[in-house]
Amino acid sequence: MYTLLSGLYKYMFQRDEYCVLILGLDNAGKTTFLEQTKTRFNKNYKGMSLSKITTTVGLNIGTIDVGKTRLMFWDLGGQEELQSLWDKYYAESHGVIYVIDSTDEERLSESKRAFDLPVHP
Ligand SMILES: Nc1nc2c(ncn2[C@@H]2O[C@H](COP(=O)(O)OP(=O)(O)OP(=O)(O)O)[C@@H](O)[C@H]2O)c(=O)[nH]1
Ligand SMILES: [Mg+2]
């Protein structure tokens, strides 16, 4: 009976939660993407002015609900000295969004190198 009730409770009230990493070079547009996504999916969220976004040192966390699913985004800083921190988060994440500034051709190969960074489990 307990199993049945707890199963019903979970079905009714619990959301599936997934963590998604947002990675990419500094200035690629990760935090801007996250702000835009939050504004789009969270009805009452008054997005911050995009011009106020400054480079991320550390981590921004943003959450959106899509149906019964909750997505938690971890937006990490993309500066070179922060890239070594990316792999600390892989194990906890369910997916990765890799952001590339397609107009910044000069940094495309740098972006590829960062994407290929070795992962240390
Ligand atoms: N025109 C244009 N500018 C953008 C777009 N996305 C981001 N930007 C601008 O690019 C700059 C960097 O954006 P951020 O979102 O801070 O970049 P980031 O990837 O979070 O950078 P770090 O936090 O340093 O890793 C800002 O001046 C943004 O306004 C876009 O789609 N179009
Ligand atoms: Mg940022």
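Is Glu 92 buried or exposed? In this predicted model, Glu 92 is exposed, because 10 other C-beta atoms lie within 10 Å, and a residue with 12 or fewer counts as exposed. You will find Glu 92 in the loop that runs between helix 4 (87–90) and strand 4 (95–98). From there, look across to Tyr 18: the two residues are 74 apart in sequence, and their C-alpha atoms are 9.4 Å apart in space.

Let us move on to a pair of threonines. The UniProt record, an unreviewed entry, gives the feature "binding site" at Thr 31 and Thr 56. They span 26 residues in sequence, but no two of their C-alpha atoms are more than 7.7 Å apart, so they gather at one spot.

It is worth taking these two one at a time. Thr 31 belongs to helix 2 (residues 30–41). Thr 31 is buried, because 22 other C-beta atoms lie within 10 Å and the cut-off for buried is 20 or more. Leaving aside neighbours within four places in sequence, Thr 31 is in contact with Ile 53, Thr 56, Asn 60 and Asp 75. Thr 56, by contrast, sits in the loop between helix 2 and strand 2 (59–66). With 18 other C-beta atoms within 10 Å, Thr 56 is partly exposed. Beyond residues up to four places away in sequence, Thr 56 touches Thr 31, Asp 75, Leu 76 and Gly 77. Asp 75 therefore appears in the contacts of Thr 31 and in those of Thr 56, given that contact here means C-beta atoms within 7 Å.

Now turn to ligand 1, which is surrounded by 15 residues. Thr 56 is among the closest of these, together with Asp 26, Gly 29, Thr 32 and Gly 78. By character, the shell around ligand 1 divides into ten polar residues, three nonpolar and two charged.

Finally, step over to the largest nonpolar core, which has nine residues: Ile 22, Leu 23, Leu 25, Ala 28, Leu 34, Phe 73, Leu 76, Val 99 and Ala 114. Strand 1 (16–23) and strand 3 (69–76) each contribute at least two residues to this core. Leu 76 is one of the core residues, and Leu 76 is also touched by Thr 56. Phe 73, another core member, is a good place to end the tour. Setting aside neighbours within four places in sequence, Phe 73 is in contact with Val 20, Ile 22, Leu 34, Ile 61 and Gly 62. Among these partners, Ile 22 and Leu 34 are themselves listed in the core.

Notes
Residues numbered from 1 in each chain as written. Chains lettered and ligands numbered in written order. Predicted model: local features only at pLDDT ≥ 70, side-chain atom pairs only at ≥ 80, totals over all residues. Near = placed C-beta within 6 Å. Nonpolar A, V, L, I, M, F, W, Y, C, P; charged D, E, K, R; others polar. Core = buried A, V, L, I, M, F, W, Y, C linked by C-beta atoms within 7 Å. Helix = DSSP H or I, 4+ residues; strand = E, 2+ residues; numbered from the N terminus. Contact = placed C-beta atoms within 7 Å. UniProt positions renumbered as here; feature names shortened; annotations may be inferred.
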